[in-house]
Amino acid sequence: MLHAMSTTVETVSDRSADEVNEAIRALWLRSGGTLSVEQREEYQRLVLEWAAAAPHPLDAD
């Protein structure tokens with residue numbers, strides 16, 4: 001069985017995926033639907049944090 005090594009950097013999160021998702025929703029609400037440059041950077045950071053906190057399904061292979 002072959003396993004691929006991830007080359008992405010995962011951030012460590014003390015928050016659950018649901019908590020990070022709420023932060024993402026709040027960011028969009030605060031922005032009025034259009035993100036500034038700083039808000040885009042925060043959004044990208046939050047998405048990475050959410051991905052690290054989200055449950056990872058087992059491979060079917």
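**Arg45 and its partner**

I started at Arg45, which comes out partly exposed at 42% relative accessibility (buried is under 20% relative accessible area, exposed over 50%, partly exposed in between, with a 1.4 Å probe and protein chains only). Note to self: this is a predicted model, where local features need pLDDT of at least 70, side-chain atom pairs count only at pLDDT 80 or more, and totals for chains, interfaces and linings use all residues. Residues are numbered from 1 along each chain as its sequence is written, and side-chain values use heavy atoms, with hydrogens and water left out.

Which side chain does Arg45 meet in a salt bridge? I found Glu49, at 3.4 Å, N to O (a salt bridge is a side-chain nitrogen of Lys or Arg within 4 Å of a carboxyl oxygen of Asp or Glu). The two sit 4 residues apart in helix 2, so about one helical turn separates them (helices are DSSP runs of H or I, at least four residues, and strands runs of E, at least two, numbered from the N terminus).

**Glu49, second partner**

Glu49 also bridges to Arg15, at 2.8 Å, N to O. That pair links distant parts of the chain, with Glu49 in helix 2 and Arg15 in the segment before helix 1, 34 residues apart. I looked up burial too: Glu49 is buried at 10% relative accessibility, while Arg15 is partly exposed at 32%. I therefore logged Arg15, Arg45 and Glu49 as linked in a network of salt bridges.

**The remaining bridge**

My search of the whole structure gave 3 salt bridges. Another of them joins Glu42 and Arg30, at 3.7 Å, N to O. Glu42 is in helix 2 and Arg30 in helix 1, so this pair ties together parts 12 residues apart in sequence. Arg30 is exposed at 53%, and Glu42 is partly exposed at 27%.

**Helix 1 against helix 2**

How do the axes of helix 1 (residues 17-31) and helix 2 (residues 37-53) cross? I get roughly 160 degrees, with the axes coming within 8 Å (axes are lines fitted to C-alpha atoms, for helices over the stretch in contact, and angles run from 0 to 180 degrees between N-to-C directions). The two helices are therefore roughly antiparallel (over 145 degrees; under 35 is roughly parallel, 65 to 115 roughly perpendicular, the rest oblique).

I checked who makes the contact (heavy atoms within 4.5 Å): among them are Ile24, Leu27 and Trp28 of helix 1 and Tyr43, Leu46 and Trp50 of helix 2. Arg30, Glu42 and Glu49 are also on that list.
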